[in-house]
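Reader: I am new to this structure. Please walk me through it, then take a close look at the salt bridges and what surrounds them.

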Amino acid sequence: MTGQDAQKLIDEALEKLEYNQVQMPDFARKASGATIVHSKTSASFRNTKGILYWAGLPLLHSMKSPEVLLEPANQPGNCWSFAGSQGHVFIKLPKAIFPRAVTLEHISVRVSPGENISSAPKDFAVYGMKAENEEQGLFLGEFTYMAAEHAFETFQLKNERSDSIQYVKLEVLSNWGHPEYTCVYRLRVHGDAVPTEEDSAWHSAGNNRVH
């Protein structure tokens, strides 16, 4: 087995585990093709006050890319942080979907250094876009993440018109009190894939075979 084969098995196992947690597929996984649109994302926070350690591991000693939001690894310090309590990230999904929900993650208060999770997002809004150059986008809801109660929490989106999107903007409006920065560990985007012409052709061919 090659290293690539082993990584594929690991990715498949993690995807299955994540699906079992929320019973919905995640379209914001880097392994599935999701990417960050850096030109439309807040600048990452750089710690200039020295290296912080927890259990022998360095925390916030370097600037983390927002790409970490798209990966399943969730240990202390492995998060995307931005300065202050307000910021945003713009994500391109691998395919167009009908958005249904998002899941926001932070580390549990039990494993956080000093049991302090004040850097976790609190209030946030979600927008969906069909194209990267859309300015406003489709408002999908504003929510409050109860980080002290849930390591991850799923929020049902408001999409009454059932519009499809391929870009998602997470806009953090406040955190739980940290004066310097906010940390986001993971964002999952759930929904139903928009059928492609290829899917429709395959489905039609299948029906023809049945009849």
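Author: The chain has two helices and 11 strands. Helices here are DSSP runs of H or I with at least four residues, strands are runs of E with at least two, and both are numbered from the N terminus. Along the sequence, the order is α-β-β-β-β-β-β-β-β-β-β-β-α. A helix thus stands at each end of the pattern, with the strands between.

This is a predicted model, in which local features need pLDDT of at least 70, side-chain atom pairs need pLDDT 80 or more, and totals for chains, interfaces and linings use all residues. Residues are numbered from 1 along each chain as its sequence is written, and side-chain values use heavy atoms, with hydrogens and water left out.

Now the chain as a whole. It has 211 residues, and 41% of them count as buried. Buried means under 20% relative accessible area, exposed means over 50%, and partly exposed lies in between (1.4 Å probe, protein chains only). The chain exposes about 11,500 Å². Carbon and sulfur atoms supply 51% of that area. These areas come from the Shrake-Rupley method with a 1.4 Å probe, and for residues only the protein chains shown count as cover. Contacts reach far along the sequence. Take those between residues at least 6 apart: 76% join residues at least 24 apart. A contact means heavy atoms within 4.5 Å.

Next, the salt bridges. The whole structure holds six. Each is a side-chain nitrogen of Lys or Arg within 4 Å of a carboxyl oxygen of Asp or Glu.

Start at E105. Its side chain meets that of R186 in a salt bridge, at 4.0 Å from N to O. E105 sits in strand β5 (residues 87-105), and R186 sits in strand β11 (residues 186-193). The two are 81 residues apart, so this pair links distant parts of the chain. Both residues are buried.

E105 has another partner, R188. Here the N to O distance is 2.7 Å. R188 also lies in strand β11, so its pair with E105 ties together parts that are 83 residues apart in sequence. R188 is buried, as is E105. These bridges belong to a network that links D26, E105, R186 and R188.

R188 also has a ring beside it. Its charged end sits over the ring of F152, 5.5 Å from the centre. That label requires NZ of Lys or CZ of Arg within 6 Å of the ring centre and within 35 degrees of the ring normal.

K169 plays two parts as well. It forms a salt bridge with E171, with the closest N and O atoms 3.9 Å apart. E171 is partly exposed, because its relative accessible area is 23%. K169 also lies over the face of Y127, at 5.9 Å from the ring centre.

Rings pair with each other too. There are seven aromatic pairs. The rule takes rings of Phe, Tyr and Trp (its six-membered ring) with centres within 6.5 Å; planes under 30 degrees apart are stacked, over 60 edge-to-face, and the rest tilted. One tilted pair is F45 with Y181: 4.9 Å centre to centre, with 35 degrees between the planes. F45 is in the loop between β1 (35-36) and β2 (52-54), while Y181 is in strand β10 (residues 181-184), 136 residues apart. Both F45 and Y181 are buried. Another pair, F124 with F155, is edge-to-face, at 5.1 Å and 80 degrees. F124 lies in strand β6 (residues 123-129) and F155 in strand β8 (residues 152-156), so parts 31 residues apart in sequence are tied together. Both are buried. F143 joins F124 and F155 in one aromatic cluster.

Last, the cysteines. The count of disulfides is zero, where a disulfide is a pair of cysteine sulfur atoms within 2.5 Å. C79 does touch C183. Others it touches include K64, V68 and Y185, leaving out residues up to four places away in sequence. C79 is in the loop between β3 (57-59) and β4 (80-83). It counts as buried because its relative accessibility is 1%. C183 is buried too, at 4%. The C-alpha atoms of C79 and H106 are separated by 8.3 Å, though the two are 27 residues apart along the chain.
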